[in-house]
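User: Hi! I'd like to go through this model with you and hear the reasoning behind each label.

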Amino acid sequence: MTFLLIFILCVIAALKITLQSMFAKHVACTNTDGILYNGFIFMAAFFMFLPSVRYRISWNTFLFGSFFGGLSVLFQMTYIQALSKGPVSLTVLINNFGMLIPVFVSALVFKEPFTGWRIAGTVLTGISFLFNVEMTGSGSIDKRWLVPAIATFTSNGLLSVTQKVYTVVGVANEIGGFVCSAYFAATVLSGLIYLGLSISGQKKTFRIKPKIIASAALIGIILGLFQALNTYAAGVIDGTLLFPAYNGGVTLLLTIIGVLLFCERLDKRRWIGTGTGIIAIVLMSIPV
């Protein structure tokens, strides 16, 4: 059941990333575009879970959810900035290594088992990341890249930590309220940032058409489902297993999608990375 849940999470995440990349690359040309488009996505996720709130939710749920929503906006903004100011491959790699933060928190704070097999699997997951990114043609590194890159690494890791902590101190039957609060905060924050950018003269470059709204709504629904399931998983699966297995699994699935859907050809480096990722997941599957 554990690995079925992780597999479902990987499938949903890979679907969301694939759709968002297909839609966003034809829509979002500037930071203002990205903020607005992500705001539509967050709004769709918020409205999807609004009925689950009913009359009230606990302050714990609202505060944790709002913090998670703020981190979501910070992550999206800094990730886009890091991608635009520095090498894409290194930015993606640093983002992926954000998984180490919740892994260490799970092991050191919550005393979850971090056996030799899981340590080996986590290390091999990292090696798989190294082999699955292009390390050539990145050009020189802009010094302005370092701050958003570190912020991306930190915010990505803290997103998972927030979900993990919430499952311990939050209300078990308020996962829908947690997601709703998160994307309410993310929608409001995105709107304020967009307003600020617009006032400063940074206008959007695309027209808001039904197709744009529909694509953002679809991605938002997928995102909401993913976060609800991911929050549940953080409460029932050891973080020392969940976070590296999930990150490695998504990387493998995106590689498979690239080969099957977009006819990408894997060189020797990425074949090694894919094989290493499979071995990593097998090692982490060994019972504690």
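User: Which residues do ring pairs link into a cluster?

Analyst: Happy to help! This is a predicted model. In it, Phe 64, Phe 68, Tyr 166 and Phe 178 form a cluster linked by ring pairs. The whole protein has 10 aromatic pairs.

User: What makes the aromatic pair of Phe 42 and Tyr 183 stacked?

Analyst: Two values decide it. The ring centres are 5.6 Å apart, and the cut-off for a pair is 6.5 Å. The planes meet at 20 degrees, and stacked requires under 30 degrees, so the label fits. Phe 42 belongs to helix 2 (residues 31-53) and Tyr 183 to helix 8, so this pair ties together parts that are 141 residues apart in sequence.

User: Why is the pair of Phe 75 and Tyr 79 called stacked?

Analyst: The same two cut-offs apply. Here the centres lie 5.3 Å apart and the planes are at 15 degrees, so this pair counts as stacked too. Both residues sit in helix 3 (residues 59-85), four residues apart, or about one turn of the helix.

User: Why do Phe 75 and Tyr 79 count as buried?

Analyst: Buried means under 20% relative accessible area. Phe 75 has 12%, so it is buried. Tyr 79, at 18%, also counts as buried.

User: How do you know that Tyr 183 is buried?

Analyst: Its relative accessible area is 2%, so Tyr 183 falls under the 20% limit. Its place is in helix 8 (residues 175-199). Beyond residues up to four places away in sequence, Tyr 183 touches Phe 42, Ala 45, Phe 46, Phe 68, Ser 72, Leu 223 and Gln 227. With Phe 46, the C-alpha separation is 4.9 Å, although the two are 137 residues apart along the chain.

User: What makes Thr 240 buried?

Analyst: Thr 240 has a relative accessible area of 0%, so it meets the under 20% rule. This residue is in helix 10 (residues 239-261). Leaving aside neighbours within four places in sequence, its contacts include Val 103, Glu 112, Phe 114 and Arg 118.

User: Which backbone oxygen lies 2.7 Å from a polar atom of the Thr 240 side chain?

Analyst: That of Pro 113. A polar contact needs N or O atoms within 3.5 Å, and the 2.7 Å separation is within that distance.

User: Where is confidence lowest, and where is it highest?

Analyst: Helix 4 (residues 88-96) is lowest, with a mean of 79, while helix 8 is highest at 95. The protein averages a pLDDT of 87, and 94% of the residues score at least 70.

Note on methods
Residues numbered from 1 in each chain as written. Predicted model: local features only at pLDDT ≥ 70, side-chain atom pairs only at ≥ 80, totals over all residues. Heavy atoms only, no water. Helix = DSSP H or I, 4+ residues; strand = E, 2+ residues; numbered from the N terminus. Buried < 20%, exposed > 50% of the residue type's maximum accessible area, 1.4 Å probe, protein only. Contact = heavy atoms within 4.5 Å. Phe/Tyr/Trp six-rings, centres within 6.5 Å; stacked < 30°, edge-to-face > 60°. pLDDT = per-residue confidence, 0-100. Polar contact = N/O pair within 3.5 Å; in protein donor to acceptor, adjacent residues only side chain to side chain.
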